[in-house]
Amino acid sequence: MVHGTHADVVNRLKRAEGHLHKIIEMIESKRECLDVSQQLHAVEKAIENAKKLYIHDHIDHCIENAAGSNSRDARNSLAEFKQITKYL
């Protein structure tokens with residue numbers, strides 16, 4: 001199933017992919033370790049954020065639909081589950 005955020009996730013991953021190619025070039029051209037490390041960290045965070053967006057989209061659409069409950073407890077449980085996913 002494709003959701004509205006999938007295009008955003010794909011764009012984020014494509015940017016990270018392009019950035020990874022640049023990092024490889026940086027390493028091959030013997031750039032400073034600090035510069036390479038900073039760029040690796042940036043790519044890691046970009047992928048992490050894409051993952052979170054993807055997981056939250058799944059919770060919002062697939063799990064909520066499967067649960068089929070609009071009760072306050074169910075909504076609170078799903079909201080709490082979304083919050084805890086930041087620790088993945």
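This report walks through a buried core, a surface patch and the salt bridges of one structure.

The model is predicted, so local features need pLDDT of at least 70, side-chain atom pairs count only at pLDDT 80 or more, and totals for chains, interfaces and linings use all residues. Residues are numbered from 1 along each chain as its sequence is written, and side-chain values use heavy atoms, with hydrogens and water left out.

**The core**

Let's start with I23. I23 sits in helix 1, residues 6-28. Helices here are DSSP runs (H or I, at least four residues), numbered from the N terminus. Is I23 buried or exposed? I23 counts as buried because its relative accessibility is 2%. For these words, buried means under 20% relative accessible area, exposed means over 50%, and partly exposed lies in between (1.4 Å probe, protein chains only).

Now look at what surrounds I23. Leaving aside neighbours within four places in sequence, I23 is in contact with V36, Q39, L40 and V43; contact means heavy atoms within 4.5 Å. Take Q39 as one of these partners: I23 and Q39 are 16 residues apart along the chain, yet their C-alpha atoms are separated by 6.8 Å. With the same kind of neighbours left aside, V43 is in contact with A16, H19, L20 and I23.

I23 and V43 also belong to the largest nonpolar core, whose 5 residues are A16, I23, M26, V36 and V43. Helix 1 and helix 2 (33-67) each supply at least two residues of this core, and the largest share, 3 residues, comes from helix 1. A nonpolar core is a set of buried Ala, Val, Leu, Ile, Met, Phe, Trp, Tyr and Cys residues joined through side-chain atoms within 4.5 Å.

**The surface patch**

Which residues form a nonpolar patch on the surface? They are F81, I84 and Y87, with about 370 Å² of accessible area together. Such a patch joins nonpolar side chains (Val, Leu, Ile, Met, Phe, Trp, Tyr) within 5 Å, using residues with over 30% relative accessible area and no salt bridge; like charges are joined within 9 Å. The areas come from the Shrake-Rupley method with a 1.4 Å probe, and for residues only the protein chains shown count as cover. F81 lies in helix 3, residues 72-84, and F81 counts as partly exposed because its relative accessibility is 40%.

**The salt bridges**

Side chains of opposite charge can pair when their charged atoms come close. The structure holds 4 salt bridges, a salt bridge being a side-chain nitrogen of Lys or Arg within 4 Å of a carboxyl oxygen of Asp or Glu. The table shows some of them.

| Salt bridge | N to O distance |
|---|---|
| R12 and D8 | 3.2 Å |
| R31 and D35 | 3.7 Å |
| K52 and E48 | 3.3 Å |

R12 and D8 both lie in helix 1, 4 residues apart, which is about one turn of the helix. R12 is partly exposed, with a relative accessible area of 27%, and D8 is also partly exposed, at 31% relative accessibility.

In the second pair, R31 is partly exposed with a relative accessible area of 43%, while D35 is partly exposed at 26% relative accessibility.

K52 and E48 are separated by about one helical turn because they are 4 residues apart in helix 2. Salt bridges that share partners join K45, E48 and K52 into one network. Within this network, K52 counts as partly exposed at 22% relative accessibility, and E48 counts as partly exposed at 24%.
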